[in-house]
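Trainee: Could you walk me through this structure and show me how to read its features?
Mentor: Sure, let's pull it up and go step by step.

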Amino acid sequence: MSDTTHDLSATPAAGQRIKHDNVVYTTVKEGLAHILVPENTTKDGQTVQQVFYNPIQQFNRDLTILAMKAYGKERIALKQAASKARANKFADKKRKRREQVQGEQPSIETPMERPTKSPKLDENATESTEAPADIAMADATEEPAPEEPTESKQEATVDAEAGAPATGGTEAKKEPQIPFTILDALSASGLRALRYAHEIPFATTITANDILKAAAAAIGRNATHNGLQNKINISVDDALAHMYNVVVKELRRVSLSKNKPGASDKYDIIDLDPYGSAAPFLDAAVQAVRDDGGLLCVTCTDSGVWASNGYPEKCYSLYGGIPVKGWYSHEVGIRLILHAIETSAARYGLAMEPLLSLSVDYYSRVFVRIRKSPSMVKFQGGKNMVVYSCGTGCGAWTTQLLMKNKPAPNKKGDGMFYKHGFTRAPTTGTSCEHCGSTMHLAGPMYAGRIHSPEFVKKVIAETEEAPTEIYGTKDRIRGVLQTALEEFLPSPEEMEAESKENGDSTKKLKKSLTEAQVAAIDPYPFFFHPAHVSGVLHCASPPENAVRGALLGLGYRATRSHCKPGSMKTDAPWSVIWHVFREWVRQKAPVKEANIKPGSVAYRLLGLGKPSAEDPAPDAAENGNGENQVTDKTEDAMSDEKPAEEDAVKKLEVVFNEQLGQYPDRKNCSAPADAGPLHPR
């Protein structure tokens with residue numbers, strides 16, 4: 001790093017020293033943006049860092065930009081199509097009005113009938129025609145058509161958006177840029193806003209908001225140093241106040257325009273990246289983002305709340321649900337966050353569609369689309385669930401939907417509609433059917449799909465095209481996205497619906513399938529971890545390929561989960577998973593029965609014998625209240641439930657075929673890897 005100092009107007013470069021207002025800054029480069037970090041100062045003998053730059057979250061920022069690009073390209077195309085449709089509609093209206101004027105001309109004109117003002121001529125007319133006075137007045141009272149921008153106006157529009165002076169019409173004709181706005185609601189140093197302005201070419205305005213004046217000053221310096229002061233709009237306000245102000249402006253605009261379409265003050269994309277929970281900002285954000293498919297990006301870093309069992313009361317107050325105790329708690333956390341977004345949006349008739357939901361490092365990052373759709377909101381009760389978790393025992397779980405969305409044929413018999421009603425409860429007993437420990441309640445939480453495969457594929461395509469020198473976490477992003485894509489295990493109903501959609505393109509069927517997709521839930525919502533399952537049984541952990549090969553050999557599907565290294569998702573029920581691991585113990589990794597305490601979870605799962613009345617279940621020993629004690633009556637009830645199914649599972653022949661369980665090569669990331677066959681159930 002050179003000792004030479006420059007001013008803000010210098011061309012940005014990494015490691016550069018900038019002096020501004022008697023303060024020396026060092027330039028840090030990330031992506032195409034450069035931020036000014038004040039050199040550390042000393043106070044009371046201690047070094048004080050004035051600006052916090054977190055390189056760990058570069059993955060978050062790189063991923064967000066690629067996701068915004070994938071989303072924005074589609075949205076720009078939709079906006080262009082809508083603009084063209086409005087122009088065509090106006091042209092048709094104008095043509096019909098002219099034809100009407102021409103068709104109602106009197107055959108003989110008299111001086112009394114001649115209007116005082118010459119009417120507009122039809123473009124195709126060969127002779128001069130004049131409109132009657134009453135029709136001319138009618139035309140004058142109609143809503144004026146949008147003015148077609150002239151060549152000079154178009155150039156001025158583009159030049160103004162680029163921050164350059166107008167050319168006065170001396171250059172070639174340019175199309176006006178379609179507005180595309182982004183809000184960085186909690187901007188801090190403005191690094192995200194700088195990168196969005198640099199790296200998202202179709203973004204017209206990025207609003208960088210922060211409540212601190214010092215942060216706003218830092219954003220201003222960084223924007224000036226990067227030459228983006230004409231593209232970044234700096235706001236000094238509370239994030240909630242700023243977003244609610246946007247909502248108020250939109251309500252006023254709609255009221256004054258009498259619901260006629262016009263320029264909206266809402267944002268195409270809102271990015272919430274706070275230190276801690278984003279829950280306090282969700283109500284304002286779902287209203288301030290555009291309700292015709294706007295993108296909401298949310299980060300929550302308080303994993304100690306939504307991914308642990310230490311603060312259930314705090315989790316409920318923030319996200320409206322209870323977390324679980326178990327190795328799959330991070331995926332539960334994702335669903336709790338989605339549930340909070342969905343319930344915030346539903347109050348205003350807004351529907352949420354998850355596009356990409358990830359648990360990474362110490363935080364969760366979700367991308368959801370918001371639409372104004374009261375009909376989609378009706379499905380919400382049937383897309384949320386509670387979870388019965390054996391968190392203090394074997395770790396098994398079962399789920400229960402809060403409501404049910406049931407398809408039914410309409411009266412004509414040529415289509416389907418959905419009924420929304422109550423569901424039967426409960427789906428399990430108070431004790432775990434596998435180990436006898438007490439089941440605990442968690443949720444409510446989102447029960448639908450947490451990823452959109454189509455959107456994930458688009459982001460993967462953006463990642464493949466992204467230059468590594470700009471996106472330093474490209475390889476990791478590609479791996480995480482590919483794993484997220486592989487997580488999608490379609491249910492038999494979804495596979496059948498997809499085959500029908502490919503075979504029949506009628507409008508009614510497409511509408512029915514769209515409703516089916518809206519109503520679809522994730523039948524396999526959580527992952528399991530072979531190492532943790534082995535820990536429950538006190539046996540050596542099997543290789544991942546061996547477990548996957550055994551499940552594939554039984555006709556089930558199994559794939560990785562992005563939430564935790566070594567975790568797996570499968571459509572196999574817990575009874576089959578425990579049977580596979582019992583066979584692992586029997587065939588490959590025998591345990592010493594003397595080391596397993598009678599009455600423990602491992603003792604029961606391995607079927608080593610029935611505990612006596614004096615042997616408490618492990619939960620009771622931990623809690624000290626005896627609520628988890630397993631009696632003979634409980635065990636008899638468990639053994640009588642689904643005896644035929646249990647016998648069928650015990651007869652399954654398990655083969656730990658590691659070659660079968662190997663994952664395919666990931667060089668081609670455009671399509672998901674084969675997760676295995678669909679079990680014929």
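**Reading the model**

Mentor: The protein exposes about 34,400 Å², with carbon and sulfur atoms supplying 53% of it (Shrake-Rupley accessible area, 1.4 Å probe). Keep in mind that this is a predicted model, where local features need pLDDT of at least 70 and side-chain atom pairs count only at pLDDT 80 or more, while totals for chains, interfaces and linings use all residues. Residues are numbered from 1 along each chain as its sequence is written, and side-chain values use heavy atoms, leaving out hydrogens and water.

Trainee: What percentage of the 681 residues count as buried?
Mentor: Buried means under 20% relative accessible area (over 50% is exposed, in between is partly exposed; 1.4 Å probe, protein chains only). Here 47% of the 681 residues make the cut.

Trainee: How many helices and strands are there?
Mentor: Both are DSSP runs numbered from the N terminus: H or I over at least four residues for a helix, E over at least two for a strand. This protein has 22 helices and 20 strands.

Trainee: And how many disulfides does a search of the whole structure find?
Mentor: You look for cysteine sulfur pairs within 2.5 Å; the search turns up zero. As for individual cysteines, Cys 300 is buried at 2% relative accessibility, and Cys 315 is buried at 0%.

Trainee: How do I read a helix pair?
Mentor: Two packed helices are described by the angle between their axes and the distance between the axes. The axes are lines fitted to C-alpha atoms over the stretch in contact, with angles from 0 to 180 degrees between N-to-C directions. Take H16 (residues 530-537) and H18 (residues 574-587): their angle is about 65° and their axes are 11 Å apart. That makes H16 roughly perpendicular to H18, a label covering 65 to 115 degrees.

Trainee: Which residues of H16 and H18 make the contact?
Mentor: Contact means heavy atoms within 4.5 Å. H16 brings Pro 530, Val 533, Ser 534, Val 536 and Leu 537, and H18 brings Trp 574, Trp 578, Phe 581 and Val 585.

Trainee: Is Ser 534 buried or exposed?
Mentor: Buried, at 1% relative accessibility. Beyond its neighbours within four places in sequence, Ser 534 touches Cys 539, Ala 540, Ser 541, Pro 542 and Phe 581.

Trainee: Where is Ser 389 found?
Mentor: In strand S14 (residues 384-389), and Ser 389 is buried at 4%. Lys 325 is 64 residues away along the chain, yet the two C-alpha atoms are separated by 7.8 Å. Lys 325 is also among the contacts of Ser 389, including Tyr 328, Trp 397 and His 440.

Definitions and conventions. Parallel < 35°, antiparallel > 145°, perpendicular 65-115°, else oblique.
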